[in-house]
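This report describes how selected parts of a protein chain pack against one another, and it is best read with the model open alongside the text.

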Amino acid sequence: MEIHQALTRSTTIRNVLPRHEQGGVFAAEGYARASGLPGVCIATSGPGATNLVSGLADALMDSIPMVAITGQVPRRMIGTDAFQETPIVEVTRSITKHNYLVLDVDDIPRIVKEAFFLAMSGRPGPVLIDIPKDVQQQLVVPDWDQPIRLAGYMSRLPQSPNEVHLEQIVRLVSESKKPVLYVGGGCLNSSEELRRFVELTGIPVTSTLMGLGTYPSSDEDDLSLQMLGMHGTVYANYAVDKADLLLAFGVRFDDRVTGKLEAFASRAKIVHIDIDSAEIGKNKQPHVSVCADVKPALQGLNRILEAKLEKLKLDFSAWRAELKEQKLKFPLGYKTFEEAIPPQYAIQVLDELTEGKAIISTGVGQHQMWAAQHYKYLRPRQWLTSGGLGAMGFGLPAAMGAAAANPDAIVVDIDGDGSFMMNVQELATIKVENLPVKILLLNNQHLGMVVQWEDRFYKANRAHTYLGNPANESEIFPNMLKFAEACGVPAARVTKKQDLKAAIQKMLDTPGPYLLDVIVPHQEHVLPMIPSGGAFKDVITEGDGRRNY
């Protein structure tokens with residue numbers, strides 16, 4: 001309470017009150033992902049603090065800078081099982097970059113300064129500060145000039161990249177015939193350097209789920225292979241499979257990207273640049289590794305390339321032509337059934353009407369993968385999604401945070417009915433705070449991604465994946481429009497393909513928040529798909545839930 005009382009007296013800090021602490025922590029993440037600045041959230045002790053857990057784990061896995069401040073019972077009562085006491089420092093120790101329990105009020109200025117520095121430096125991540133109630137109630141004259149005390153951490157921060165290593169990478173590029181860039185969330189702050197590197201070398205780029213937008217996604221640009229991995233494009237996965245040099249920048253060789261590790265990029269020499277030494281060689285042993293920030297590493301590579309370009313005579317046109325052939329042979333596509341709205345089509349229409357400029361957040365599941373495939377991201381920090389943790393309920397609160405960070409941007413939460421219901425209470429927040437979040441709800445009445453796995457691997461046996469009302473399967477349940485109405489948010493439903501474009505245009509034209517309930521068939525599958533633990537040769541490109549496997 002003390003902190004909230006103080007916030008009412010602040011003229012500089014805007015407090016957005018979420019309706020659930022998980023909404024608050026996901027909104028802080030949305031703010032951080034969209035702006036690149038640390039997001040901040042506050043929760044009370046006990047259940048309030050434990051409700052932050054999913055968001056902290058999510059921020060750690062996706063390297064999102066965040067500071068979470070929690071209340072705690074008075075110091076003398078810690079460890080007595082007092083009312084609303086949880087040892088939140090212990091609970092979150094393995095899912096935060098660092099955390100603090102404040103035992104001396106004089107430490108607060110230093111600890112807060114350290115927390116923001118830790119969240120933003122090196123590999124970013126969440127930091128938690130737990131403040132007991134009696135510490136909050138103490139009076140103190142703050143010393144703002146206390147130095148930060150992080151000697152061990154400072155000594156371990158990565159140094160500037162070694163010139164010899166960079167020269168070695170340029171040599172590998174000049175010797176290769178089929179190089180591919182594999183870029184991830186670690187490149188979000190070095191998009192310009194990456195684009196310059198691609199301009200100098202002509203090497204095609206594929207991106208992870210977290211790296212979308214670092215290099216502009218495009219069907220026309222031969223250099224853009226879009227996303228790779230389990231639900232990546234055939235041509236991106238083909239490129240990695242056939243490559244003789246894999247330039248892995250700011251990535252962690254996640255299982256959803258690599259599938260079977262032995263078969264991933266098995267013909268390629270691997271160059272791995274990452275800020276976190278723990279990631280280098282963790283899953284895949286590189287031939288050359290540079291433990292450094294990607295930005296100065298790319299700047300150094302570009303400098304060497306600019307000096308040697310005439311001499312190097314890089315020409316990968318034959319390789320690009322080979323990949324272009326794959327692009328034409330295996331484009332991202334979908335089928336249309338009578339008047340039904342294909343979910344992929346809904347996202348393409350949104351992309352067209354927003355000219356690819358909207359900030360997009362998503363929940364987790366099929367709609368998330370379709371949003372990654374079919375919306376063409378032109379710049380970094382346009383795409384906000386829970387990647388490593390895959391936390392459903394992320395979309396609406398993250399959009400809320402992004403709208404607070406970018407008041408003039410178009411912010412759209414592309415959500416599924418399962419994910420949306422997990423934080424549906426935040427409709428109240430976007431209404432009250434007048435955050436102009438548009439919700440494009442792809443409603444198929446099922447937990448779509450689980451249904452897809454049931455169809456493919458479990459003989460289509462439905463194990464608690466239907467979200468409608470079994471007593472009346474013909475009606476849409478629950479009625480999402482009533483949720484919106486209860487919170488005073490304008491809403492509409494669209495069921496036919498021919499009405500979709502006008503409905504999305506109306507959503508975008510309506511000032512303030514808006515919910516568009518788009519009814520889509522549950523039989524759709526996200527394709528292509530490489531089954532878990534599979535290799536490129538196992539890729540599935542055909543079929544849906546309308547047939548048996």
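Contact, as the word is used here, means heavy atoms within 4.5 Å. The model discussed below is a predicted one.

## Two buried small residues

With that meaning of contact, and not counting residues up to four places away in sequence, A297 touches P161, L166 and I273. A297 lies in helix α13, which spans residues 294–312, and its relative accessible area is 0%, so A297 is buried. One of its partners, I273, is 24 residues from A297 in sequence, while the C-alpha atoms of the two are 7.9 Å apart in space.

G202 sits in the loop between α10 (191–201) and β6 (205–207), and because its relative accessibility is 12%, under the 20% limit for burial, G202 also counts as buried. When neighbours within four places in sequence are left aside, G202 is in contact with L223, F316 and R320. G202 and L314 are separated by 112 residues in sequence, yet their C-alpha atoms are 7.9 Å apart.

## Nonpolar cores

In soluble globular proteins, nonpolar side chains tend to be buried together. In this model the largest nonpolar core has 54 residues, of which L181, L246, L247 and F249 touch the most other members. Beyond its neighbours within four places in sequence, L181 has contacts with L194, F197, V198, I203, P204, V205, T206, L247 and F249. There is also a second, separate core of 34 residues, and I341, L350, I360 and V520 are among its members.

## Helix α2 against helix α17

Helix α2 (residues 21–35) packs on helix α17 (residues 395–405) at an angle of about 50 degrees, and the two axes are 6 Å apart; the helices are therefore oblique to each other, and α2 passes α17 in a right-handed crossing. On the α2 side the contact is formed by G23, F26, A27, G30, Y31, A34 and S35, which meet P397, A398, M400, G401, A402 and A405 of α17. Sorted by class, the residues of this contact comprise nine nonpolar, four polar and no charged ones.

Helix α17 is largely enclosed by the rest of the structure, because nine of its 11 residues are buried. Those buried residues are G395, L396, P397, A398, A399, M400, G401, A402 and A403.

## Helix α15 against helix α22

The axes of helix α15 (residues 343–353) and helix α22 (residues 497–509) come within 10 Å and cross at roughly 45 degrees, so α15 and α22 are oblique to each other, and the crossing is right-handed. From α15 the contact draws on Y345, A346, V349, L350, E352 and L353, and from α22 on K497, L500, K501, I504, Q505, M507 and L508. Nine of these residues are nonpolar, one is polar and three are charged.

## Backbone details to check

Two peptide bonds leading into proline are cis: the bond from F477 to P478, with omega near -10 degrees, and the bond joining L527 and P528, with omega about -5 degrees. P478 is in the loop between α20 (448–457) and α21 (480–486), whereas P528 is in the segment after β16 (514–519).

F253, although not a glycine, has a positive phi of about 50 degrees; F253 is found in the loop between β8 (245–249) and α12 (255–258) and is buried at 2% relative accessibility. A265 likewise has a positive phi, near 50 degrees; A265 is placed in the loop between α12 and β9 (269–274) and is buried, with a relative accessible area of 3%.

Terms used: Residues numbered from 1 in each chain as written. Predicted model: local features only at pLDDT ≥ 70, side-chain atom pairs only at ≥ 80, totals over all residues. Heavy atoms only, no water. Axes fitted to C-alpha atoms, helices over the stretch in contact; angles between N-to-C directions. Helix = DSSP H or I, 4+ residues; strand = E, 2+ residues; numbered from the N terminus. Parallel < 35°, antiparallel > 145°, perpendicular 65-115°, else oblique. Left-handed = near helix turned anticlockwise from the far one by under 90°. Nonpolar A, V, L, I, M, F, W, Y, C, P; charged D, E, K, R; others polar. Core = buried A, V, L, I, M, F, W, Y, C linked by side-chain atoms within 4.5 Å. Buried < 20%, exposed > 50% of the residue type's maximum accessible area, 1.4 Å probe, protein only.
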